[in-house]
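Please look through the structure shown here before reading on, and keep it in view while the report moves from the surface to a metal site and then to a loop.

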Amino acid sequence: MPFSVPELPYAYDALEPHIDEATMRLHHDKHHGAYVTNLNGAVAKHPEELGSKSAEQLVANLSAVPEDVRATVRNNGGGDVNHTMFWEIMAPNAGGEPMGIIGDQIKEDFGSFEELKKQFGEAGLKQFGSGWAWLVFEGGKLKILSTANQDNPLSQGLYPILGNDVWEHAYYLKYQNKRADYLAAWWNVVNWEAVMKRFAKAQNYKA
Ligand code: MN
């Protein structure tokens, strides 16, 4: 099978107390696992057209995906790309103030890291139902957006620098209906080193 769930780069309980072990096990093994299984099923129907593409390439050019599997690839290819990023941009003993060029860019575009967190939290909270909040780099500026379901900014020609999963499966076991608390706690596990690498990619990204 072409796609597989990447191993977590840390233990399931490593993000405690902000993200609990039970959530991480279900989220990584079962939810991400299902997206990958479904994506592989869709690609297997069109091996010549789709078999050599990465999940990011598929999501970035959905119009090139045959119509009979396009919605499946949108949802499950998106699910794979989104979660692969999600595990990478989190780490234990992380969080804190972003430094270096990403820290400077945040100050330039939002005034402060506090303001970025406020606006990002609002975007995540306002996303009705399931979806993601994102930070992207467009026209030389950082911007916040949100998407429904497993849609990824790549489908709009934008490379996401970071994103937070606001599906209930990402937080409900620990935070129940308190999505705002989860959004606030999540900053404690953001791996700014990984985000910096994505910021460098975003600056050279051509849709
Ligand atoms: Mn998820």
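## A surface patch, a metal site and a loop

In this predicted model, Glu 48 has a relative accessible area of 79%, and because a residue counts as exposed when this value is over 50%, Glu 48 is described as exposed. Glu 48 lies in helix H2, and together with Glu 49, Glu 67 and Asp 68 it forms a patch of negative charge on the surface. Two or more residues of this negative patch are supplied by each of helix H2 (47-50) and helix H4 (67-88).

The model also holds a manganese ion, which is coordinated by His 27, His 83, Asp 165 and His 169 at 1.9 to 2.1 Å. The table lists these donor residues with the atom given for each of them.

| Donor residue | Donor atom |
|---|---|
| His 27 | NE2 |
| His 83 | NE2 |
| Asp 165 | OD |
| His 169 | NE2 |

Along the sequence, the spacing of the donor residues of the manganese ion is written as H-x55-H-x81-D-x3-H. Among these donors, Asp 165 and His 169 are both buried.

The last residue to consider is Trp 187, which is located in the loop between helix H8 (179-186) and helix H9 (192-204). Trp 187 has a relative accessible area of 6%, and because buried means under 20%, Trp 187 is classed as buried. Trp 187 and Gln 127 are 60 residues apart along the chain, and their C-alpha atoms are separated by 18 Å.

Conventions:
Residues are numbered from 1 along each chain as its sequence is written. This is a predicted model: local features need pLDDT of at least 70, side-chain atom pairs count only at pLDDT 80 or more; totals for chains, interfaces and linings use all residues. Side-chain values use heavy atoms; hydrogens and water are left out. Patches are made of residues with over 30% relative accessible area and no salt bridge: like charges are joined within 9 Å, nonpolar side chains (Val, Leu, Ile, Met, Phe, Trp, Tyr) within 5 Å. Accessible areas come from the Shrake-Rupley method with a 1.4 Å probe; for residues, only the protein chains shown count as cover. A salt bridge is a side-chain nitrogen of Lys or Arg within 4 Å of a carboxyl oxygen of Asp or Glu. Lys and Arg count as positive and Asp and Glu as negative; His and the chain ends are not counted. The place of a charge is taken as NZ of Lys, CZ of Arg, CG of Asp or CD of Glu. Helices (H or I, at least four residues) and strands (E, at least two) are DSSP runs, numbered from the N terminus. Buried means under 20% relative accessible area, exposed over 50%, partly exposed in between (1.4 Å probe, protein chains only). Donors are N, O and S atoms within 2.8 Å of the metal (3.2 Å for Na, K and Ca); water is not among the atoms, so sites may look incomplete.
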